[in-house]
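Please open the model in your viewer and keep the sequence panel beside it. The stops below each give something to select and then say what is found there.

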Amino acid sequence: MILRLTCQILSAVNMLKNNNLNHVDICFVVDTTGSMGGFIQTAQKQLLDTINLLSSDSQINLQVGLVEYRDHPPQDHSFITRIYPLTNNLQQMQKSINLLRADGGGDAPEAVYDGIHDACTKMQWRLHSCRFVLLVGDAPPHGFGQWLKDMQVPGFVNDHSDTWKGGCPSGLDIQKVTAVAENHRVTVHSLCMGNDSNTQKAFQAISQGTGGQFTITNATDIIGKIIDCLHKEFQNLELDQQVLSTIANMGYLDIQETAELLDLPRLPVATSISRLGKRGFL
């Protein structure tokens with residue numbers, strides 16, 4: 001056991017030297033049905049430039065991907081999801097974002113679950129990267145109203161516009177998409193545009209199920225909300241680097257001693273060690 005832990009720490013030292021700790025893979029999962037024009041226009045103007053500045057200031061090795069989702073036929077015949085792979089070429093990704101168009105959609109709910117599922121399973125995430133999905137939309141997933149009713153959630157609002165009240169046509173639900181995210185080490189941060197109660201509940205449940213943040217926003221404020229969210233995560237990376245360096249210098253894992261050496265409370269150090277373990281550093 002001691003030998004194995006020592007080997008893991010030595011491996012972590014090598015990863016730290018190679019700066020793998022600063023690898024961040026971000027995938028935007030975006031509703032591109034007709035009501036999302038405001039966000040798309042804002043994203044085309046300033047999203048990647050702002051994120052690039054933030055990552056450069058934090059010395060982040062960044063890749064960005066995109067999944068746009070609409071709806072299932074016959075509500076929408078264009079596509080259910082469309083995938084743009086992770087890349088460090090932000091100019092190429094900007095070209096993809098510039099081609100986004102808000103169009104289609106039928107009933108109010110959309111293929112939210114499909115977007116998250118495909119982001120988690122079809123992106124080529126780097127081995128030890130810090131992985132985030134940023135979900136942006138203004139409508140709930142299919143079947144979410146029935147899920148609320150089945151779970152006896154207070155404030156349940158029946159969605160009479162949902163063509164698939166019994167659930168997503170792909171067979172996905174809250175439990176399945178959050179499990180997929182967990183299996184792929186992906187944290188989902190949700191940005192809900194608008195005041196629809198079921199959308200807010202759905203996005204919040206997805207984020208909570210993956211350890212992510214939930215935010216209510218609008219097209220005017222959304223870039224700032226995204227940057228606030230990522231800034232917090234990048235600050236966590238700075239702490240993780242300090243914790244990993246300290247453990248590497250110690251040569252063994254001891255939460256309390258690490259906290260004392262860093263002059264920090266035990267809880268944030270323990271949380272950092274949990275993140276490092278999740279990414280395979282410890």
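The tour goes from a nonpolar core to a strand, then to a helix, and ends at a pocket. Please keep in mind throughout that this is a predicted model.

**First stop: the largest nonpolar core**

Begin by selecting V24, F28, F39 and I226, which are the residues with the most contacts inside the largest nonpolar core, a set of 35 residues. To see where this core comes from, colour strand 1 (23-31), helix 2 (37-57), strand 2 (61-69), helix 3 (90-98), strand 4 (130-137), strand 5 (186-193) and helix 8 (222-250), each of which supplies at least two of its residues. Among these elements, helix 8 gives the most, with eight residues. Now centre the view on F28 and, leaving aside its neighbours within four places in sequence, look for its contacts with L47, I51, V64, G65, L66, V67, L134 and I226. A second core, separate from this one, has 30 residues, and you can find it by selecting Y113, V177, C192 and A205, which are included in it.

**Second stop: V67 and T81**

Return to V67, which is found in strand 2, and which counts as buried because its relative accessibility is 0%. Apart from neighbours within four places in sequence, V67 is in contact with a set of residues that includes C27, F28, V29, V30, T81, G115 and M123. Add D118 to the selection and draw a distance from V67, C-alpha to C-alpha: the two are 51 residues apart in sequence, and 7.6 Å apart in space. Next select T81, which lies in strand 3 (residues 81-87), and show its side chain together with that of D118, since a polar contact of 2.7 Å joins the two. Besides D118, and with neighbours within four places in sequence left aside, T81 is in contact with V67, E68, Y69, D114 and G115.

**Third stop: helix 6**

Select residues 174-183, which form helix 6, and highlight I174, V177, T178, V180 and A181, which are buried. Turn the view until you look down the axis of helix 6: its buried residues fall within an arc of 155°, so they line one face of the helix. On the other side of helix 6 you will find E182 and N183, which are exposed. What covers the buried residues includes helix 4 (112-122), helix 5 (144-150), strand 5 and helix 7 (197-210). At the start of helix 6, show D173, where a side-chain oxygen reaches to within 3.2 Å of the backbone nitrogen of Q175. Just after the helix, R185 takes a positive phi of about 60°.

**Last stop: the largest pocket**

Which residues lie nearest the centre of the largest pocket? Select F132, T187, E233, R275 and K278 to see them, out of a lining of 18 residues. The volume of this pocket is about 310 Å³. Strand 4, strand 5, helix 8 and helix 10 each supply at least two residues of the lining, and the largest share, four residues, comes from helix 10.

Finish on R275, whose place is in helix 10 (residues 266-278), and which counts as partly exposed because its relative accessibility is 24%. Not counting residues up to four places away in sequence, R275 touches N236, L239 and D240. Of these, N236 is 39 residues away from R275 in sequence, and the two are 9.2 Å apart in space, C-alpha to C-alpha.

Technical notes
Residues are numbered from 1 along each chain as its sequence is written. This is a predicted model: local features need pLDDT of at least 70, side-chain atom pairs count only at pLDDT 80 or more; totals for chains, interfaces and linings use all residues. Side-chain values use heavy atoms; hydrogens and water are left out. A nonpolar core is a set of buried Ala, Val, Leu, Ile, Met, Phe, Trp, Tyr and Cys residues joined through side-chain atoms within 4.5 Å. Buried means under 20% relative accessible area, exposed over 50%, partly exposed in between (1.4 Å probe, protein chains only). Contact means heavy atoms within 4.5 Å. The arc is that of the directions from the helix axis to the C-beta atoms. A polar contact is a pair of N or O atoms within 3.5 Å; within protein, one must be able to donate a hydrogen and the other to accept it, and residues adjacent in sequence count only if both atoms are side-chain atoms. On a 1 Å grid over the protein atoms alone, a cavity is a set of points where a 1.4 Å probe fits but cannot get out, and a pocket is an open set with protein on both sides within 12 Å along at least five of seven lines; lining residues have an atom within 4 Å of a point. Grid points are joined across faces, edges and corners, and a volume is the space filled by probe spheres set on the points.
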